[in-house]
Amino acid sequence: MRIERELMRGAGPVAVLKLLERREMYGYELVEALSKRSDGVLAMGQSTLYPMLYNLEAKGFIESTERTAPSGRERKYYHLTRSGRTQLAEQTGQWLAIARAMQTLGILPGPTAGWEAAS
Amino acid sequence: MSATALQPEPHRSSLAARVLRTPLTELLRGHLAPALDAERTVAAAGLPASLAELTCGVIRRTRLWRREKLEVARELLAHFQDGLAAGAAADDLAASFGDPAQAAKLIRRAKRRNRPALWKALRLTRRTIGALVLFVLIVYTVQAVRIYTQRPNIARNFAAEWNAAPLAVPESERAWPIYRAAALALGEWPGGRANVSQRPGRADWPALVEFVEENARSVALYRQAAAMPKLAWVYTTQLQDEDARLWNPGHAAPSASAPAQPAVQDPDFVMFLMLPPLPVLRDGTRLLTIDAYRAAETNDPGRADADIRAILQMADHARETRVLIGDLVAVALSSRACDLLGTLLHDHPQLFSPEQLVAIAHRLATVGGGTLRVRFDSERAIFEDMLQRYYTDDGHGDGLPRPDLLGMATMVDGQTRDNSPLGGACAKLLLPAASTVMAGRRDLHATFRDYIDRSDVEAELPLWERPAQVAHDGLEAMGRSPLAHVRYWPLFILAPALDNAGRIGEYATQTRDATLTALVLELYRRRHGEYPSSLAALTPQWLPKVPPDRYDGQPLKYRLVDGQPLLYSVGVDRKDDGGRLPNVPNVAPDAPNRESRANHLARMWRPPPNPNHPPPEPLPDGDWILWPPIE
């Protein structure tokens, strides 16, 4: 399923922040994880991911360190900052609010779906 | 597709190592090290060609700094290498990359956000300056189009209005052709016109007597011209025929010292209308003044009477020109007649018959229609005419300065302006920019009108009612601001010093009134055998009322000193000092013209003493002597 660009622009950064919440990751790893863990819905190419990472870095939500991987290759690893965690919490709250609203409206399935029938 | 073996390039090295690694040609080009060359790094990575090409294309399009490109290149390389290591095909990796152009754009934008604050501040400064320059260019262009594409709108022909009256005068009643003939017949003044003393007893008197006798034809012509009802000078910017001869250098006076005619294209431009009658009238007055003194010496009252009347008529002819300078000359000629008459009354009290004295008194009282006030109407016309020629017209009274305005300063004051073609071209280029600072037509006109209106109000007041020179001081204060000086510079060039012009009429009125009083005192003496003890004795039989002292509004001051009358004004200190002249600072008591200078000081108006604002210099402590004359 192809997600609208504007929707992706909102969902992509929070998805990346969420992936980095638990551990640091490098670019290819992030691409793969996004694709696999969202069933391809949030899959994004390098042309989208790396500018997004640079933007998050510019805003101070993530930081990068260059290290040599066990494979011997130089990689840049990204990890979440304290500011990034705060941002992730805020974004998560907002997405939950949206999801609840969507459920209320019956767009998403959930405990309040079907209010029309009830009313 | 199989992945090529990876050969990662070491990219963390010391500065010295990078310098040593850099070829000399690269160093000379300012490139520090191959380590900063992203494309070399890509090439060295050994990626499949499609991926290497894609990476190079993206980093090239980012147009980032070399270091930033290298960072991006390494990250993309690592990504592709990870993908290849994970078993992905090179083509699949390239296909999943996305749009390279879009990627380059987004990467560039994101990377620039990561740049140092100093760079961001410089960029903001650059952009601000750029925006300002663009704004200025747009304003300049708009102004330039407005200025250089609009023609002047000459809505009113002031020259034609001024010429309507003289053109309506029949040829047989015109004085100007006779004045011109008198001027053309006049020889060169002995010692030069400017140095003529015009007084008996001076060193040049014998030469002047000889000169007058040699120029008897001019004297007669001047008297004949003065007897004509109207001067009837028709204004023009280019003198023709006989009039042009007056301006011809090397010709008989007054042409010898007259300036060359300026080249004015528009014959109706009132600012450049020519006035040869004024120097001609001044010359005639000099000539007739000498002739009148000579007549007194030879006891020829009829001739002296005719000369005085002719000078007074010349004053009226000068006033007929209706311009400010014409009024100033009229006042000067009237005062010259007063000075002459006053001197003759003192030195030759028996010269004129009572009938002649009465007739002269009546004529003197009616010069200028009874008022010697200098009028400012012509200045309004000159300024309005300048505005309609040198400013665009938006149809609602406003407009911008036109390029011709730049020439005005040169034509008005050619000595101080850059007249070179380069200077002119620069000025024309600068005009659209300057016009954004300069006052527009409406503003300039309103400011000028305000100045003239205030000056008019002040000029209407007698000296004793003038608290200060508000109009002049206001203009002067405005001129002290550099911005206002640029904004209103045509005003500062064209606005005449009306404060002094307004006072000159008052001085002349005081002189005329005193001369009339002296004349009546002589009539009284002849009737009663002695002078009156006070001027009140002259009213109402001889004078309707005692003329006022222009400095305090009270009756003119009068005393008898050794049986001889002394007429005076309290002068600028507004204090009656009994007819004593003030001291002249820094002038020896026996210096020539000391008394004349003292009298001049006592006459020159200054604001009344104000205890809260004392004047920078003390007011001259003395009186303005009006009669007997002080040379």
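Leaving aside its neighbours within four places in sequence, with which residues is Gln313(B) in contact? In this predicted model, the partners of Gln313(B) are Ala226(B), Met228(B), Pro229(B) and Arg363(B). Gln313(B) itself belongs to helix 15 of chain B, which covers residues 301–319. Its relative accessibility is 17%, and because buried means under 20%, Gln313(B) counts as buried.

The chain around this residue may be considered next. Chain B has 631 residues, and 47% of them are buried. Its secondary structure consists of 26 helices and three strands. Of the contacts in chain B with a separation of 6 or more, 73% are between residues 24 or more positions apart. The accessible surface of chain B amounts to about 29900 Å², and carbon and sulfur atoms account for 56% of that area.

One pair of residues illustrates how positions separated in sequence are placed in space. Asn157(B) and Phe269(B) are 112 residues apart along the chain, while their C-alpha atoms are 8.4 Å apart. Asn157(B) sits in the loop that runs between helix 8 (117–148) and helix 9 (158–168) of chain B. With a relative accessibility of 29%, Asn157(B) is classed as partly exposed, since that class lies between the 20% limit for buried residues and the 50% limit for exposed ones.

Two cysteines of chain B offer a further example of these classes. Cys56(B) is buried, its relative accessible area being 11%. Cys426(B), at 38%, is partly exposed. Over all chains, the structure contains zero disulfides.

Chain A is the partner of chain B in this model. It has 119 residues, of which 39% are buried. Five helices and three strands are found in chain A, and from the N terminus on they follow the order α-β-α-α-β-β-α-α. Among contacts in chain A between residues at least 6 apart in sequence, 42% join residues at least 24 apart. The surface that chain A exposes is about 7000 Å², with 54% supplied by carbon and sulfur atoms.

Part of the surface of chain A is a nonpolar patch. Leu7(A), Trp95(A), Ile98(A), Met102(A), Leu105(A), Ile107(A) and Leu108(A) form this patch, and together they have about 620 Å² of accessible area. Helix 4 of chain A (residues 82–105) contributes the largest share of the patch, namely four residues. Ile107(A), by contrast, is located in the loop between helix 4 and helix 5 (115–118). Because exposed means over 50% relative accessible area, Ile107(A), at 55%, counts as exposed.

It remains to describe where the two chains meet. The contact involves 29 residues from chain B and 20 residues from chain A. Between them, the chains bury about 2200 Å², and 52% of this area is on carbon and sulfur atoms. On the side of chain B, the residues that lose the most area to chain A are Glu75(B), His79(B) and Asp82(B), which together make up 30% of what that side buries.

Charged side chains also take part in the interface, across which three salt bridges are found. One of the residues just named, Asp82(B), forms a salt bridge with Arg75(A), with a distance of 2.7 Å from N to O. Asp82(B) thus appears both among the residues of chain B that lose the most area to chain A and in a salt bridge with Arg75(A).

Technical notes:
Residues are numbered from 1 along each chain as its sequence is written. Chains are lettered from A and ligands numbered from 1 in the order in which they are written. This is a predicted model: local features need pLDDT of at least 70, side-chain atom pairs count only at pLDDT 80 or more; totals for chains, interfaces and linings use all residues. Side-chain values use heavy atoms; hydrogens and water are left out. A disulfide is a pair of cysteine sulfur atoms within 2.5 Å. Buried means under 20% relative accessible area, exposed over 50%, partly exposed in between (1.4 Å probe, protein chains only). Patches are made of residues with over 30% relative accessible area and no salt bridge: like charges are joined within 9 Å, nonpolar side chains (Val, Leu, Ile, Met, Phe, Trp, Tyr) within 5 Å. Accessible areas come from the Shrake-Rupley method with a 1.4 Å probe; for residues, only the protein chains shown count as cover. A salt bridge is a side-chain nitrogen of Lys or Arg within 4 Å of a carboxyl oxygen of Asp or Glu. Helices (H or I, at least four residues) and strands (E, at least two) are DSSP runs, numbered from the N terminus. Contact means heavy atoms within 4.5 Å. Buried area is the accessible area (1.4 Å probe) that two parts lose on being put together, summed over both.
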